[in-house]
Amino acid sequence: MDGNGRWARQKGLERVEGHKSGVESVRSAVEYAVEKGVKFLSLFAFSEENWKRPESEVFVLMELMVSAIINEIPEFNKNNIRFKVIGDRSRLPAKLQDKISEAERETYNNSVLTVVIFLSYSGKWDIITAAEKYHNYLSSNSGELSAQEKNELFSSFLSTSEIPDPDLLIRTSGEQRISNYMLWQCAYTEFYFTEVLWPDFRKIHFQAALDAYSQRERRFGKTGEQINKTSGSYEK
Ligand code: IPE
Ligand code: MG
C-alpha cells in the first residue's frame, strides 16, 4: 500500500491525511476480495524501516491502526473474516498489541477470508529469525533431509507458516521494488505494478490487477508445453 504521502501532498494536505484516506482503500480491497472469493489478502502496512520516519508520523500511524481495528472488527465478524497480524509486534505500542491480540482471538474461527496485516515486518528479519530456529532444529535432530523437506522445514519457521505464499503481489504508486517484503515467500509470486496511489485504489484497480494476473502463465520453472499438458494443475 504505497503513495499515501504523495497523495496528500498533491492535495496540499499533511502526509497523515493520506494515511487516513488509505483506510477507506483497505475497506474497499477487503470487500472486493470477499466478492471475488480471494482467501488471503495480505497488506503491507508498516515495515521495519518505517520506524525511521518522524516520530509524529509513526505515532499517527499507530493510533490509526488502533482505531481501524476498533472500527472494522465488528464488520469482519459480520462477514466471517479472519484478522491476523505478522511482524515484530514487540516493537508496537502496548495498546496496539492488546487490540491486535483481541481482534485475532475474536475472529479466529472466521473462514471466508483471512486479512493479514504486515506490521513492523521485514523479509530479512523473517528469514534471520527462521534461520535461527532452523539451526536449533538441526542441532537437536539428526537424519538426512531431502531438498524438498529442507524447504518445507525452513518455511515452517517463517512468520508466514500458516498462510500460503502469495500468488499475486500488487504495489501501488508506481514504485517497482519489493522493499523487504516477503522475500522468501515471493519466489514465484506474480508482480503487478500500478501508478495509482493507495488512497485512490478502488475495486476497478483491483479488478485490473486480477485481470492481468489471469493472463499470466505460471510455469514455476517448467516449460509452457509441460504446463499445457497438465492444464488445471496451476491456477490462472
Ligand atoms: C504508504 O504510503 C503507507 C506506509 C508506508 C505507512 P507512504 O507513506 O509510503 O507514501 P509515500 O510513498 O510517501 O507517497
Ligand atoms: Mg512510500
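In this predicted model, the side chain of Arg 53 places an N or O atom 2.7 Å from an oxygen atom of ligand 1. Taken alone, ligand 1 exposes 380 Å², of which the protein buries 87%. Two further arginines take part in polar pairings with the ligand. The side chain of Arg 15 has an N or O atom 2.9 Å from a ligand oxygen, while Arg 6 contributes a polar backbone atom, at 2.7 Å from an oxygen atom of ligand 1.

The wider surroundings of ligand 1 include the run Met 1, Asp 2, Gly 3, Asn 4, Gly 5 and Arg 6. Arg 15, His 19, Ala 45, Asn 50, Arg 53 and Leu 61 are also part of these surroundings. Helix H1, spanning residues 4–10, and helix H2, spanning 15–36, each provide at least two residues of this shell. The largest share belongs to H1, with three residues.

A second site worth a look is Asp 126, which sits in helix H5, residues 123–140. This aspartate is buried but forms no salt bridge. The nearest side chain of opposite charge is that of Lys 133, 7.4 Å away, whereas a salt bridge is counted only within 4 Å. What Asp 126 does have is a side-chain to side-chain polar contact with Tyr 121, at 2.8 Å. Apart from neighbours within four places in sequence, the residues in contact with Asp 126 are Tyr 121, Leu 158, Ser 159, Thr 160 and Gln 185. Tyr 121 thus appears both in this list of contacts and as the side-chain polar partner of Asp 126.

Terms used. Residues numbered from 1 in each chain as written. Chains lettered and ligands numbered in written order. Predicted model: local features only at pLDDT ≥ 70, side-chain atom pairs only at ≥ 80, totals over all residues. Heavy atoms only, no water. Helix = DSSP H or I, 4+ residues; strand = E, 2+ residues; numbered from the N terminus. Buried < 20%, exposed > 50% of the residue type's maximum accessible area, 1.4 Å probe, protein only. Lys, Arg positive; Asp, Glu negative; His and termini not counted. Polar contact = N/O pair within 3.5 Å; in protein donor to acceptor, adjacent residues only side chain to side chain. Contact = heavy atoms within 4.5 Å. Near = heavy atom within 4 Å. Areas by Shrake-Rupley, 256 points an atom, 1.4 Å probe, with all protein chains shown as cover.
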